[in-house]
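Here are my notes from going through this one, set out as numbered points. Have the model open while you read.

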Amino acid sequence: MVQHVDVLICGSGSAGLAAATWLAICGIKSVKILERRSGPMTMGQADGVQCRTVEIFESFGLAEDLLREAYHVLEVAFWSSDGKGGLRRTSRTADTQPGLSHQPHVILNQARINALLLDHMKKNGGEEVEYGYTVKHVEVDPTLVDDPSAYAVTVLAEKDGTEETFKAKYVLGCDGAHSAVRRSLGYQMVGDTTDAVWGVMDIYPRTNFPDIRRKATIHSDSGSILIIPREGGSLVRFYIEFPAGTDVKAVKLQDLHDKARQIFSPFTMEYADTYWWSCYCIGQRLADHFTKDNRVFLTGDAFHTHSPKAGQGMNVSLQDGYNLGWKLSTVLKRRATPDLLKTYQTERGKTAADLIDFDRYFTKLFSSKQRTTPDEFSKGFIKSGRYTAGLTSKYEDSVLTSNTSSKQELASEIVVGMRFPNAQVVRFCDAKAVPLVQALKSDGRWRVVCFPGQIESSSTLPRLQKIAEYMESPTGPVRKYTASGADSDSTIEPIVVLKGDHTELEQEKIPRYFWPVTGQWQMRDLHKVYIDEMSYNSGDGKAYETFKIDPEQGAIVIVRPDQYVSKVLSIDDIEGVGQFFDGFLLEIQANGTSSTH
C-alpha cells in the first residue's frame, strides 16, 4: 500500500518539529513525521537555548512555559591559574550584552524543548509522530519535479520488519548526523576532524567551588572546563578538555571524574551521581548538497555538524525548520510558486557555512594549545556573544529580501535580511507598554509596519490614509492576495507605530484599514496601532530612536512571517509595497484559485 502525503518529515528532532509546527499553524493537514526511535525523546544532549530561539518560542506563544522551567544564564565567570598551583577568578561579564535581545539565554533539556513544540503542533491540528520507522531509501522522480501537484519523491521505510512506501510532494531530512536521507541521495559530509578531544557529563556535584551555579570557564595548568548549570537547581554540565589525540573509545567515566578534579584543584569536587556522559573528537563538517530538485531538504545535523560548546546545534537546527516550514505552507496553499523554496538553500546554506567558521574559531579559543591570556580569552568570549545569541544571521538578496532596493538609511537599525529588532511601545487601545515584536506572531502572516511620524504633525494622518486607500484598492496587495471571504489581514497584516502622546489622538481619526473587523466574532481588531511615547506604565519613548527612524521622514518596513526584515521603504512609497509582493505571491482569483499576475 502506497501512502500519499504533501510533506514527509524524516526525524522528530527540533528542526522537524519546528517545520511541522509551522505546517500545523498554517493549516497544512497532509503531513507525516517518521521517527526512528520507539517513542518521544526523554533525554536530549543539547541544552543551550539562545536568545533568538527564545524569541521564536515567544512568537509561537510558548516563551512563558520555556522561561518558567529553564535555568537563566545571566553571568559568566572566567577563572585561570594563579601561578601558585591554585585558581583565581579573573573577571565576570553579562552572558548576553544589554540591548542584544529582550529575551535571555537559558538552559533547558532538548526533550522538553521538543515536547513544547509537539504540544503546540497538536493543539493546532498537527499529526502525531509515527515512531519506530527506519528510512531505507529516498528517490526523486526527475520527470515530476516541475509539476507542483506531483508526488515526486518516493520514500521506503521499514517498521517492525515490514516495508512501507510513501509518495510525497516534499521530504525533509531531519534525521541527524547519520542521516539516511542524505546517504540515500548520495550526498557527503565535507570537512575534517581535529585532534581536540572533549568529555561532557551532567553531574550532581559536591564542591566548594563558588561559581558552580554560574556559567563559568576554567583554564588551569591541568586543562580547561566549561561549566553550564542546568535547570532544577542541582544538575551541572561540564565540558572537559582532554589531551589532543586521546583515544576517545578508551575514555571511561572515571577519567572524566578524575580530570575534572585535577582542573578544579585546589577546590574539592565529588560526584553524588552522574546523569549522562560522553566523549568526542571535535569535527566541523558541511554537506556538499542539502537540497534535491527543490523537493528534498536537509536540516540540522543532517547537513552541518560541529562541536557543542557554543550551544548552537539545537538552535541552528530548529531555525532551519523554522525557516522552511512557513515557506512550504505558502507553496502548498498555492500562494506562491515552488521557486520560493529556493531561498532555503541560499539563506540556510550561508548560515550553516558561517556556523562552521565560527565553531572553528570558538574551538581554538578554548584550546589550551592557543596559550591565550585570561584577558584575551574573556575578550574573545564576549566578542562572540552576538553570534552565540543567534542574532547575526543575515539573508542576502532574493524575492523575499530586498537589500539593494531598500531605503536602509530610513531605519538603519532595522536591517534588511536580519530579524526585526525589538523596542518598547505603548498599545494605543489600552495604553499598555509592550514589546513591539509581540505584534509579529508566527501565524503565517506578513506584516507591513508603518512608522508615519509624530501624532501632532499635519502630514501623519494623511500618510496613513494614503496607505490604507492603496492597500485596499483593486490594484493593492490586500485584494490581490487575500482569499474571498477571509479577514482582510489574513495574508498581510498592517501595524502602525506613531510617535507622541496617545491622549492627543482618537481612534476614529485612524483609518479603519488599521482596525478591521476580523475573527470569529467579527469584532474590530484594535491591537494593530502602537505609540512610541514615554508613559506612566513603562513606555520609554525610544522606539524611533532605537530604530534610527526620523519622525519627520518616517518609514515602511515589510516583515516576513518568520520575523525577518524583507524591505525598508519610504513612507510615501506605497506602490513599492505592492511591487514587492507582486514579485512572488500568486494572485487570488474570484473562484478562489491562485494565478500569476
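1. A word on terms before the loops come up: helices (H or I, at least four residues) and strands (E, at least two) are DSSP runs, numbered from the N terminus. With that in hand, D160 sits in the loop between β10 (153-159) and β11 (162-173). Keep in mind throughout that this is a predicted model.

2. What is odd about the backbone at D160? Its phi is positive, near 55°, and the residue is not a glycine. Most residues other than glycine have a negative phi, so a value like this is worth a look. The setting is a hairpin: β10 and β11 have 2 residues between the strands, and D160 takes its positive phi there.

3. The two arms of that hairpin, β10 and β11, run antiparallel and are joined by 7 bridges. If you want a place to check the register, A157 stands opposite E164 in β11.

4. Which other strands does β11 pair with? One is β1 (residues 2-10), which pairs with β11 in the parallel sense over 8 bridges; here V5 stands opposite A168. Another is β18 (residues 296-298), also running parallel to β11, with 3 bridges between them. For that pairing, look at V171, whose bridge partner in β18 is V296. As a reminder, strands of a sheet pair through backbone hydrogen bonds, either parallel or antiparallel.

5. Another backbone spot to inspect is the peptide bond between S265 and P266, which is cis, with omega at about 15°. Most peptide bonds are trans, so I would flag it in any write-up. P266 belongs to the loop between α6 (253-264) and β16 (269-287).

6. Now a sheet with mixed pairing. This one is open, has 7 strands, and runs in the order β21-β20-β26-β23-β22-β27-β28. Why do β21 (433-435) and β28 (565-569) each have a side without a neighbour in the sheet? Both stand at the edges with a single partner strand, so one side of each is left free of a neighbour. From one strand to the next, the twist averages 30°.

7. Within that order, β23 and β22 are listed side by side. Strand β22 (residues 446-454) runs parallel to β23 (residues 492-499), and 7 bridges join them. To find the register, start from G453, whose bridge partner in β23 is L498.

8. There is also an open sheet of 3 strands, in the order β3-β7-β4, and its pairing is antiparallel. β3 (48-49) and β4 (71-73) are the edge strands, each with a single partner, so each has one side without a neighbour in the sheet. The pairing of β4 with β7 (residues 105-107) is antiparallel over 3 bridges, and H72 stands opposite V106 in β7.

9. How do helices α1 and α4 pack? Helix α1 (residues 14-25) meets helix α4 (residues 110-123) at an angle of about 15°, with the axes 9 Å apart. Angles under 35 degrees count as roughly parallel, which makes α1 roughly parallel to α4. The crossing of this pair is left-handed.

10. On internal space, a search of the whole structure turns up 4 cavities of 30 Å³ or more. The largest cavity has a volume of about 80 Å³. Its lining includes Q50, Q312, R348, Y387 and S393. Helices α7 (313-332) and α8 (342-366) each supply at least two of the lining residues. By class, the lining of this cavity has 3 nonpolar, 7 polar and 1 charged residues.

11. Last, the second largest pocket, which holds about 400 Å³ of space. Which of its 16 lining residues are closest to the centre? They are G99, L100, R419, P421 and N422. By class, the pocket lining has 7 nonpolar, 5 polar and 4 charged residues.

Notes. Residues numbered from 1 in each chain as written. Predicted model: local features only at pLDDT ≥ 70, side-chain atom pairs only at ≥ 80, totals over all residues. Heavy atoms only, no water. Pairing = 2+ DSSP bridges. 1 Å grid on protein atoms, 1.4 Å probe; cavity = no way out; pocket = protein on both sides within 12 Å on 5 of 7 lines; lining within 4 Å. Points joined across faces, edges and corners; volume = space filled by probe spheres on them. Nonpolar A, V, L, I, M, F, W, Y, C, P; charged D, E, K, R; others polar. Axes fitted to C-alpha atoms, helices over the stretch in contact; angles between N-to-C directions. Parallel < 35°, antiparallel > 145°, perpendicular 65-115°, else oblique. Left-handed = near helix turned anticlockwise from the far one by under 90°.
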